[in-house]
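Q: I've got a new model open and I'd like to learn how to read it. Can you walk me through a few features?

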Amino acid sequence: MPSATHPPVIVSTSWDDDSASGLKIAELLSARGLPGTFYVPTWRLGEGSVFSGSDLRALSANGFEIGAHTISHKILTELELPELTREVAGCKRILQQILGKEVTTFCYPKGRFNARVVQEVERAGYRGARSTQILFSGATFPPYEMPTTVQAYPHHRSNYVRNLIRLGAISALVKSMPDLISFDNWLQLGKSLFDRVLRDGGTWHLYGHPWEIEKLNLWSQVKEMLDYVSRRESVIYLNNGEILGRVNPRREDDGEKIVGSRERSLVN
Ligand SMILES: [Zn+2]
């Protein structure tokens with residue numbers, strides 16, 4: 001049972017790219033009452049096995065969050081400013097037109113960002129952005145560097161260590177050491193990190209690529225992971241945007257409007 005003294009335990013999931021196998025993920029989440037944020041590039045919507053605009057509207061109507069993932073999934077750190085602006089702000093406009101509501105969260109293609117990219121994401125009006133850092137289980141983080149806990153992907157143990165060293169996330173590395181030493185596979189790592197968050201409080205955030213889950217046939221592992229973290233009495237289940245709302249509250253949340261009139265009209 002949640003108590004006044006126990007720090008909050010938050011669970012979130014997010015799913016990247018434009019594959020319509022995201023709809024299968026959404027079914028699994030819905031069946032378990034779990035939240036999800038889907039980060040979608042906008043350039044191929046409706047083509048082949050890619051999400052269509054009506055898929056995105058259906059996901060949104062079913063309580064899932066749609067987040068922006070650029071227009072064409074280019075590595076943002078490699079772009080000149082005009083193209084960077086177009087990729088970051090353009091996809092927000094397109095998704096908002098499709099959904100008829102504001103899109104507040106962003107996700108960096110391949111997890112690549114720098115100070116200039118963050119500045120553009122902030123300027124475009126996003127509340128925060130998800131990275132591809134894993135093994136995070138804390139309560140708070142810089143909103144434009146939103147980390148995750150575990151990826152639905154069969155990484156080798158050394159990949160986890162490399163990921164954290166590359167990101168300079170030494171405290172996460174030290175904290176995760178016991179889990180990495182006993183590491184067997186991503187599913188078992190996800191469970192033990194969830195157990196830790198359940199005990200100590202913090203955030204447990206699963207992310208993955210639906211197309212990859214389909215390609216590697218990870219469905220039964222994903223189901224087992226989702227079963228493990230769902231329907232827990234003491235857990236607060238939030239999508240990425242709701243977590244960012246807690247980490248990075250807007251001035252308008254206190255009654256002051258900072259959203260421009262053009263954006264406001266799209267919300268209505
Ligand atoms: Zn991606």
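**Reading the metal site**

A: Sure, and keep in mind that this is a predicted model. Let's begin with the metal: D17 (OD), H69 (NE2) and H73 (NE2) are the protein donors of the zinc ion, lying 2.1 Å from it. Along the chain, these donors follow the spacing D-x51-H-x3-H.

Q: Where in the chain do D17 and H73 sit?

A: The pair links distant parts of the chain, 56 residues apart. D17 is in the loop between strand 1 (9-16) and helix 1 (22-31), while H73 is in the loop between strand 3 (65-68) and helix 3 (81-99).

Q: Is D17 buried or exposed?

A: For burial, go by relative accessible area: buried means under 20%. D17 has 10%, so it counts as buried. H73 has 23%, so it is partly exposed.

Q: What about H205: buried or exposed?

A: Same approach. H205 has a relative accessible area of 1%, so it is buried. You'll find H205 in strand 7 (residues 202-208).

Q: Which side chains make polar contacts with the side chain of H205?

A: Look for polar atom pairs. The H205 side chain makes one such contact with the side chain of S14 (2.8 Å) and another with the side chain of N240 (3.5 Å). Farther along the sequence, H205 also touches other residues, including R130, M146 and P147.

Q: Which residues form a nonpolar patch on the surface?

A: That's I165, I170 and V174, which together have about 290 Å² of accessible area. I170 belongs to helix 6 (residues 170-181) and is partly exposed, at 45% relative accessible area.

Notes: Residues are numbered from 1 along each chain as its sequence is written. This is a predicted model: local features need pLDDT of at least 70, side-chain atom pairs count only at pLDDT 80 or more; totals for chains, interfaces and linings use all residues. Side-chain values use heavy atoms; hydrogens and water are left out. Helices (H or I, at least four residues) and strands (E, at least two) are DSSP runs, numbered from the N terminus. Buried means under 20% relative accessible area, exposed over 50%, partly exposed in between (1.4 Å probe, protein chains only). A polar contact is a pair of N or O atoms within 3.5 Å; within protein, one must be able to donate a hydrogen and the other to accept it, and residues adjacent in sequence count only if both atoms are side-chain atoms. Contact means heavy atoms within 4.5 Å. Patches are made of residues with over 30% relative accessible area and no salt bridge: like charges are joined within 9 Å, nonpolar side chains (Val, Leu, Ile, Met, Phe, Trp, Tyr) within 5 Å. Accessible areas come from the Shrake-Rupley method with a 1.4 Å probe; for residues, only the protein chains shown count as cover. A salt bridge is a side-chain nitrogen of Lys or Arg within 4 Å of a carboxyl oxygen of Asp or Glu. Donors are N, O and S atoms within 2.8 Å of the metal (3.2 Å for Na, K and Ca); water is not among the atoms, so sites may look incomplete. Lists of a residue's contacts leave out its neighbours within four places in sequence.
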